[in-house]
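Please walk through the binding sites of this protein with the sequence and the model side by side, beginning with the surroundings of the bound molecule and ending with the metal.

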Amino acid sequence: MTPIPILLDCDPGHDDAIALLLALASPEVELRGVTTVAGNQTLEKTTANALRVLELMGREDVEVAAGADRPLVREPFVAAYVHGETGLDGSDLRPARGAPVAQHAVDFLAERVAGITLVATGPLTNVALLLARHEERPERIVLMGGAIAEGNVTPAAEFNVWADPEAAKRVFAGGLDLTMVGLDVTHKALVRAEHKERLRAAGRVGRTVAELLDFYDRFHREVYGFDGSPIHDAVALAYAFRPDLLETRELNVEVDTTSDLCRGRTVVDVWRRTGREANARVAVGINSSAFVELLVERIGSL
Ligand code: BDR
Ligand code: CA
């Protein structure tokens, strides 16, 4: 088996951190680097969190490059109400000892992105800047963001697309091989108490993830009444090497950047009403039990 080369552009964030751990735990993946963006927390905190997760794993060999510290146009907005003040509240992860490389994430990506799967699990600011400033393109992008018929930050929009809608609009218009993994599928695959207890019993890393989930679960219980948490970003990461986990359709997706009410809504032309060309592979179904089992088994093995 030849591992799939992957770059992860992220804003850790509980589910980003778990996606990163899934990449490190999976022999199908060769992680070629991590880039960070402001989103769930400030860039300083998301970058520190990526380093903290890599250091937990003793994987300081994986380089981290810090990127955009704010959206292209909009005011910065962090999701402390989901991820806490640190962006990874709930665990006792040690503060980062290392530092990001000196290179900006966008230049870091440009140097490494050819022939690569870019998994993007934060606002799409770095990716949009890559398209604007460089010729180099990834082989494909798998992004966590958007939704066909749901929102989480507003009734109309998902956080990553809402946070930087102008960036998302450019990425969907970029003529790339793009897969959108949105809330329609991530909300169907919950990591529940029984999975959490398996992780807690599995060892040091599993215990850390269970503690993170104890914190993360509160938001999903209070807001949605969920009996567990969706690990949004890990679904996108898993799809990169296990495409059988998701059912997808080739559809047109446009991002609303003009209205206030529907800022960042991904308008997905499910019934092909517009005649516009498909520009994305949109996840419409998930094998939830297979995904959750993969996640628990891999993280538990660390
Ligand atoms: C997405 O927003 C962030 O809060 C999560 O990390 C995930 O990437 C879910 O809407
Ligand atoms: Ca994220």
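The shell around ligand 1 is made up of two nonpolar, six polar and four charged residues, in what is a predicted model. Its members are D15, D16, N40, H83, T121, M144, N152, E158, F159, N160, H232 and D233. Three helices, namely helix 1 (14-25), helix 6 (159-163) and helix 11 (232-241), each contribute at least two residues to this shell.

Within that shell, several side chains reach oxygen atoms of the ligand with their polar atoms. For N40, a polar side-chain atom is placed 2.7 Å from an oxygen atom of ligand 1, while the corresponding distance for a polar side-chain atom of N160 is 3.0 Å, and an N or O atom in the side chain of H83 lies 3.1 Å from an oxygen atom of ligand 1. Of the 280 Å² that ligand 1 exposes when taken alone, the protein buries 96%, and the space that ligand 1 takes is the largest cavity.

The second site holds a calcium ion (ligand 2), whose protein donors, at 2.2 to 2.5 Å, are D11 (OD), D16 (OD), D16 (OD), T121 (O) and D233 (OD). Along the chain these donors follow the spacing D-x4-D-x104-T-x111-D. Because D11 belongs to the loop between strand 1 (4-10) and helix 1, whereas T121 belongs to the loop between strand 4 (117-120) and helix 5 (125-133), this pair ties together parts that are 110 residues apart in sequence. Returning to the first site, D16, T121 and D233 are also among the residues around ligand 1, and each of them is listed among the donors of the calcium ion.

Technical notes:
Residues are numbered from 1 along each chain as its sequence is written. Chains are lettered from A and ligands numbered from 1 in the order in which they are written. This is a predicted model: local features need pLDDT of at least 70, side-chain atom pairs count only at pLDDT 80 or more; totals for chains, interfaces and linings use all residues. Side-chain values use heavy atoms; hydrogens and water are left out. A residue is near a molecule or strand if one of its heavy atoms lies within 4 Å of it. A polar contact is a pair of N or O atoms within 3.5 Å; within protein, one must be able to donate a hydrogen and the other to accept it, and residues adjacent in sequence count only if both atoms are side-chain atoms. Accessible areas come from the Shrake-Rupley method with a 1.4 Å probe; for residues, only the protein chains shown count as cover. On a 1 Å grid over the protein atoms alone, a cavity is a set of points where a 1.4 Å probe fits but cannot get out, and a pocket is an open set with protein on both sides within 12 Å along at least five of seven lines; lining residues have an atom within 4 Å of a point. A molecule sits in a cavity or pocket if more than half of its atoms lie within 2 Å of its grid points. Helices (H or I, at least four residues) and strands (E, at least two) are DSSP runs, numbered from the N terminus. Ala, Val, Leu, Ile, Met, Phe, Trp, Tyr, Cys and Pro count as nonpolar, Asp, Glu, Lys and Arg as charged, and the others, Gly among them, as polar. Donors are N, O and S atoms within 2.8 Å of the metal (3.2 Å for Na, K and Ca); water is not among the atoms, so sites may look incomplete.
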